[in-house]
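Colleague: Thanks for sitting down with me over this one. Could you show me the model, and then we can talk it through?

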Amino acid sequence: MKTKEDDIEISWIEASKRDKRHFAPLYERYYEMIFRFVFKRVQDMDVTGDLVSGVFMKAMVNINQYTHQGYPFSSWLFRIALNETNMWFRA
């Protein structure tokens, strides 16, 4: 069931697709959650900061490829974060 909060988030996503400056509310909403997710895996504040920066940069650059399919936007961000973390471990 879609909530008012979902509608607001979808409107932020659509606005971000038109103008990247509208990505800020998504960044502010999910930064801490993604930071904790990455830090739990790498256990280094500096590396976490770099990786999370990359996560949000990739998300912002590729926001036009995101399509809402009933899953929260955060699941897309977590997938990017997991991929970035795995690439860091491989390097």
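Modeller: Happy to, starting with helix α1, residues 4-18 (helices are DSSP runs of H or I, at least four residues, and strands are runs of E, at least two, numbered from the N terminus). This is a predicted model, where local features need pLDDT of at least 70, side-chain atom pairs count only at pLDDT 80 or more, and totals for chains, interfaces and linings use all residues. Residues are numbered from 1 along each chain as its sequence is written, and side-chain values use heavy atoms, leaving out hydrogens and water.

Colleague: What does α1 reach from its first C-alpha to its last?

Modeller: The helix has 15 residues. Its expected span is 1.5 Å times one less than its number of residues. That expectation is 21 Å, and the helix comes close to it, reaching 21 Å.

Colleague: Is Ile13 buried or exposed?

Modeller: Ile13 sits in helix α1. Buried means under 20% relative accessible area, exposed over 50%, and partly exposed in between, with a 1.4 Å probe and protein chains only. Because its relative accessibility is 2%, Ile13 counts as buried.

Colleague: Which residues is Ile13 in contact with, leaving aside neighbours within four places in sequence?

Modeller: Contact means heavy atoms within 4.5 Å. With those neighbours left aside, the partners of Ile13 are Leu26, Ile63, Tyr66 and Phe73.

Colleague: Which backbone oxygen lies 2.8 Å from a polar atom of the side chain of Thr85?

Modeller: Thr85 belongs to helix α4. Thr85 counts as buried because its relative accessibility is 1%. The backbone oxygen at 2.8 Å from its side chain's polar atom is that of Ala81.

Conventions:
A polar contact is a pair of N or O atoms within 3.5 Å; within protein, one must be able to donate a hydrogen and the other to accept it, and residues adjacent in sequence count only if both atoms are side-chain atoms.
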